[in-house]
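Ready for a few short exercises? Keep the viewer open, try each task yourself, and then compare your steps with the worked solution.

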Amino acid sequence: QLLAVEFDEVEVRVRVLERLEADWNQSFRWSEVVRVCFKDAGLYSSDVVFVEIAGRERPVAVLTEAKGGNEFFGALTERNLFPEAILRKAIGETGGATHCWPLQNSG
């Protein structure tokens with residue numbers, strides 16, 4: 001586990017635990033999330049969830065194997081930011097595809 005993801009009702013915090021650059025340390029408010037994408041990295045690498053945030057050029061990246069990752073994915077689903085049906089499809093992916101919600105950027 002290289003990262004930890006923690007959250008409360010308002011904010012999400014991603015923190016480096018080891019061996020990653022400080023750029024991975026980020027935080028955002030749930031209310032700022034505009035899109036979530038799950039990128040399959042194959043069988044031998046960590047999949048990545050990219051969270052696009054209003055007003056930011058680059059998305060926040062969360063490794064699926066991060067400490068607290070499962071709880072984070074549950075919270076995304078509970079907040080209707082990444083529907084459970086799409087999450088299940090994305091988790092079952094092994095061919096390198098990316099699954100996003102909403103399906104298209106609204107502009």
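**Exercise 1: The first strands**

In E2, Arg15 is the bridge partner of Ala4. This is a predicted model. Task: find how E1 connects to E2, and which strand pairs with E2 after that.

Solution. Begin with strand E1 (residues 3-7) and strand E2 (residues 11-16): they run antiparallel and are joined by five bridges. Next, follow the chain between them, where a hairpin of three residues links E1 to E2. Finally, look at E3, which pairs with E2 in the antiparallel sense over four bridges. Here Glu11 faces Arg29 in E3.

**Exercise 2: Gln26**

Task: decide whether Gln26 is buried or exposed.

Solution. First place the residue: Gln26 belongs to strand E3 (residues 26-29). Then take its relative accessible area, which is 19%. Buried means under 20%, so Gln26 counts as buried. To see its surroundings, list the contacts beyond four places in sequence: Val12, Arg13, Val14, Arg15, Arg56, Pro59 and Val60.

**Exercise 3: The four-stranded sheet**

Task: work out which strands stand at the edges of the open sheet, and what lies across it.

Solution. Start from the strand order, E6-E5-E4-E7, with antiparallel pairing. Strand E6 (60-63) and strand E7 (98-101) each have a single partner strand, so these two are the edges. The twist from one strand to the next averages 20°. For a closer look at one pair, E5 (residues 48-53) and E6 share four bridges, and Phe50 stands opposite Ala61 in E6.

Now add the helices. Helix H1 (residues 69-78) lies across E4, E5 and E6, at about 45° to E5. Helix H2 (residues 84-91) lies across E4 and E7, at about 170° to E7.

Definitions and conventions
Residues numbered from 1 in each chain as written. Predicted model: local features only at pLDDT ≥ 70, side-chain atom pairs only at ≥ 80, totals over all residues. Heavy atoms only, no water. Buried < 20%, exposed > 50% of the residue type's maximum accessible area, 1.4 Å probe, protein only. Contact = heavy atoms within 4.5 Å. Pairing = 2+ DSSP bridges. Axes fitted to C-alpha atoms, helices over the stretch in contact; angles between N-to-C directions.
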